[in-house]
Amino acid sequence: RAKFVVENTPQWIRQTELLQAQLQKINVPLDVEPVNPADAYSRIVAKKTNWTHTRWAQRADPNGLLYILFHSKGNANTTGYNNPKVDELLDQASAIYEVERRRPLYYQADRLITDDVPYVFLNYTAEFAVMSRKVQNWGWIPDLIPRFRDLWLEK
């Protein structure tokens with residue numbers, strides 16, 4: 001039986017209930033273990049779960065996410081993913097400055113990672129940015145990481 005560790009927030013509990021119901025239709029039992037959101041990631045890092053949700057956000061440079069998640073030495077490679085060819089491609093790409101020369105290497109790595117299926121992507125959440133016209137110096141960057149250091153309010 002699969003055990004799914006999930007943050008005990010209404011959003012994640014509801015989404016997990018939907019997943020559990022869908023898997024039940026094909027006779028795949030799913031045990032759910034709700035945990036405090038502050039404890040969820042530490043359980044993943046400690047490998048105290050075999051399945052959980054994640055919500056990594058893209059980075060402007062593909063290496064910023066691909067390396068940490070999918071290189072065998074990546075500091076956030078909690079799945080234990082290990083593909084020497086992916087390591088080689090990521091190492092090569094990170095040593096090249098020109099974006100056009102790096103792109104094919106990242107495409108190759110991405111294809112291998114997708115074929116190996118270390119993650120199963122179930123959904124993508126919407127991203128919203130709502131603010132007053134008084135907020136100054138704000139720029140949308142599609143990585144879901146808010147940046148407030150250089151913002152100010154116009155009086």
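Buried means under 20% relative accessible area, exposed means over 50%, and partly exposed lies in between, with a 1.4 Å probe and protein chains only. Helices (H or I, at least four residues) and strands (E, at least two) are DSSP runs, numbered from the N terminus.

This is a predicted model, in which local features need pLDDT of at least 70 and side-chain atom pairs count only at pLDDT 80 or more, while totals for chains, interfaces and linings use all residues. Residues are numbered from 1 along each chain as its sequence is written, and side-chain values use heavy atoms, leaving out hydrogens and water.

**Exercise 1. Find which residues of helix 3 are buried, and what covers them.**

Step 1. Go to helix 3, residues 63–70. Six of its eight residues are buried, so this helix is mostly covered.

Step 2. Pick them out: Asn-63, Leu-65, Leu-66, Ile-68, Leu-69 and Phe-70.

Step 3. Now look at the surroundings. The cover over these buried residues includes helix 4 and helix 5, where contact means heavy atoms within 4.5 Å.

**Exercise 2. Work out how the aromatic pairs involve Phe-70.**

Step 1. Start with the rule: rings of Phe, Tyr and Trp (its six-membered ring) pair if their centres lie within 6.5 Å; planes under 30 degrees apart count as stacked, over 60 as edge-to-face and the rest as tilted. The structure holds two such pairs.

Step 2. Take Phe-70 with Tyr-81. Their ring centres are 5.9 Å apart and their planes stand at 90 degrees, so this pair is edge-to-face. Phe-70 belongs to helix 3 and Tyr-81 to the loop between helix 3 and helix 4 (84–94), so the pair ties together parts 11 residues apart in sequence.

Step 3. Check the burial. Phe-70 has a relative accessible area of 7%, so it is buried; Tyr-81, at 8%, is buried too.

Step 4. Turn to Phe-70 and Tyr-119, an edge-to-face pair with 5.4 Å from centre to centre and 85 degrees between the planes. Tyr-119 sits in the loop between helix 5 (99–116) and strand 3, so its pairing with Phe-70 in helix 3 ties together parts 49 residues apart in sequence. Both Phe-70 and Tyr-119 are buried.

Step 5. Put the pairs together: they link Phe-70, Tyr-81 and Tyr-119 into a cluster.

**Exercise 3. Is Arg-102 buried or exposed, and which residues does it touch?**

Step 1. Find Arg-102 in helix 5. Its relative accessible area is 10%, so Arg-102 is buried.

Step 2. Leave out residues up to four places away in sequence; Arg-102 then touches Asp-61, Asn-63, Ala-93, Ser-94, Ile-96 and Tyr-97. One of these, Asn-63, is among the buried residues of helix 3.

**Exercise 4. Trace how strand 1 and strand 2 are joined.**

Step 1. Strands pair if DSSP finds at least two bridges between them. Strand 1 (residues 2–7) and strand 2 (residues 30–35) run parallel and are joined by six bridges.

Step 2. For one of the partners, follow Glu-7 across to Val-35 in strand 2.

Step 3. Add helix 1 (residues 10–24), and the three elements make a right-handed β-α-β unit. Right-handed means that, with the strands pointing away from the viewer, the path from the first strand over the helix to the second runs clockwise.

**Exercise 5. Find where Asn-27 lies and what is notable about its phi.**

Step 1. Asn-27 is in the loop between helix 1 and strand 2.

Step 2. Most residues other than glycine have a negative phi. Asn-27, not a glycine, has a positive phi near 60 degrees.

Step 3. With a relative accessible area of 69%, Asn-27 is exposed.
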